[in-house]
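Here are my notes on this one, in numbered points. Have the model open as you read, and tell me where you'd like more detail.

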Amino acid sequence: MRIAIIGAFGQLGSDLVPRLGNQAIPIGHADVEITDPASIANALDNARPTHVINCAAYNLVDQAEEEPQACHRVNSLGPRNLAEWCHNHGVVLMQISTDYVFGVDSTRRTPLVETDSTGSVSVYGQSKCAAELAVRSLCQQHFIVRTCGLYGHHAARGKGNFVETMLRLGQTRPELRIVDDQRCTPTSTVDLARALVALIKTDAFGVYHATNSGDCSWFEFAREIFHRRKISVKVVPVTAAEYGAKAIRPDYSVLDCSKLKTVLGWSMPSWQDAVSHYLGGRLEWLCGVSAGWNAAESFQTRDNFATIA
Ligand SMILES: NC(=O)c1ccc[n+]([C@@H]2O[C@H](COP(=O)([O-])OP(=O)(O)OC[C@H]3O[C@@H](n4cnc5c(N)ncnc54)[C@H](OP(=O)(O)O)[C@@H]3O)[C@@H](O)[C@H]2O)c1
């Protein structure tokens with residue numbers, strides 16, 4: 001297997017590449033612009049992958065409300081271009097998607113399965129819905145894997161993630177207001193990468209849900225992080241309406257991962273174990289990459305971050 005990872009140096013890609021070892025063909029943003037079919041051909045024609053995993057995305061959920069075209073170009077047109085290339089070359093495509101493809105049904109309070117109707121409440125979610133449709137329509141040999149609230153060590157020195165933001169703010173602010181009426185399952189990129197690598201080695205194509213097990217609100221997730229790191233900051237639960245983020249997020253987007261479990265024979269660890277593992281390995285990881293890293297480097301807000309005040 002020769003597996004091209006698009007978005008190889010992002011949060012998820014950075015954990016996928018080492019797991020695939022010499023089967024990985026890492027392709028970063030400097031190597032390919034997925035909105036441009038010629039750039040895709042240039043990057044992939046010579047690489048001759050048997051499989052492509054697309055981790056590249058526009059993830060700035062709130063900013064997407066202000067620049068929907070930019071978001072749709074990367075998240076909808078990009079996967080469409082990749083699906084065409086993969087189909088034309090007989091290559092399997094794995095597209096990473098999100099729980100934010102759901103949310104229109106605001107009464108839902110039971111875990112969502114792959115066959116539930118999608119319907120998003122944000123530009124970002126709509127762009128990812130469009131990607132799913134393009135991949136399904138254009139490339140027969142595909143996996144679409146929906147996941148949620150990703151955090152991986154790579155983000156500690158890049159764009160940040162919810163855990164890193166909590167660790168930073170928990171030590172610099174006296175009080176944090178965190179959304180408590182949205183439930184989902186934050187997921188470690190290490191655990192997700194393990195599941196994706198196992199799944200892509202099968203030919204059980206289709207749509208999958210892949211998250212850590214269990215569910216929580218962002219408030220509960222933050223409390224767990226502070227508890228494990230013994231950070232004593234006052235955490236106040238607020239509603240999403242009180243917080244007033246630009247993009248609307250689903251009230252409930254817990255994903256049922258039974259289908260993945262049936263195919264793999266195992267499920268991903270609980271979200272509590274996953275975050276404990278992340279925090280345990282964090283210092284070691286930061287020390288390993290700290291040479292030349294400026295701790296004050298810029299922090300960008302993305303994906304679920306608008307849950308923090
Ligand atoms: N983050 C989450 O909480 C979350 C939740 C659910 C689902 N997901 C999905 O999971 C996947 C991986 O997310 P992630 O957190 O690993 O994202 P990430 O850290 O932002 O990585 C995305 C990578 O894609 C690259 N990229 C962006 N635009 C590109 C383009 N037009 N052409 C080529 N490369 C491009 C980025 O490069 P530059 O940084 O250089 O632009 C970056 O390295 C995405 O599909 C995302 O939608 C994420």
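1. Start at the end of α1: the residue that follows this helix is G21, and its phi is positive, near 55°. Keep in mind throughout that this is a predicted model.

2. Now look at α1 itself, residues 11–20. The helix is mostly covered, with 8 of its 10 residues buried. Those buried positions are Q11, L12, G13, S14, D15, L16, V17 and L20.

3. What do the buried residues of α1 pack against? Their partners include four strands you can pick out by number: β1 (3–6), β2 (24–27), β3 (51–54) and β4. Add to these β6 (150–151) and the helix α7 (189–200).

4. On to the ligand. The shell around the ligand holds 26 residues, and G7, G10, Q11, A56 and A57 are the ones that come nearest. Two or more shell residues come from each of α1, α4 and β4, the last of these spanning 92–98. It is α1 that gives the most, with 3 residues. Q11 is worth a click here, as this residue is among the nearest to the ligand and is also one of the buried residues of α1.

5. If you care about the chemistry of that shell, sorting its residues by class gives 11 nonpolar, 12 polar and 3 charged.

6. Next, the pairing of α2 (residues 37–44) with α4 (residues 68–88): their axes lie 10 Å apart, and the helices pack at an angle of about 45°. Because of that angle, α2 counts as oblique to α4. The crossing, as α2 passes α4, is right-handed.

7. Which residues make the contact between α2 and α4? On the α2 side, look for P37, I40, A41 and L44; on the α4 side, N81, L82 and W85. By class, this contact has 6 nonpolar residues and 1 polar one, with no charged residues.

8. One last stop is G90, which sits in the loop between α4 and β4. Is G90 buried or exposed? G90 counts as exposed, because there are 10 C-beta neighbours inside 10 Å, and the cut-off for exposed is 12 or fewer. For a distance check, try G90 against F205: the two are 115 residues apart in sequence, and from C-alpha to C-alpha they are 14 Å apart in space.

Conventions: Residues numbered from 1 in each chain as written. Predicted model: local features only at pLDDT ≥ 70, side-chain atom pairs only at ≥ 80, totals over all residues. Axes fitted to C-alpha atoms, helices over the stretch in contact; angles between N-to-C directions. Parallel < 35°, antiparallel > 145°, perpendicular 65-115°, else oblique. Left-handed = near helix turned anticlockwise from the far one by under 90°. Contact = placed C-beta atoms within 7 Å. Nonpolar A, V, L, I, M, F, W, Y, C, P; charged D, E, K, R; others polar. Near = placed C-beta within 6 Å. Buried ≥ 20, exposed ≤ 12 C-beta atoms within 10 Å, placed from the backbone.
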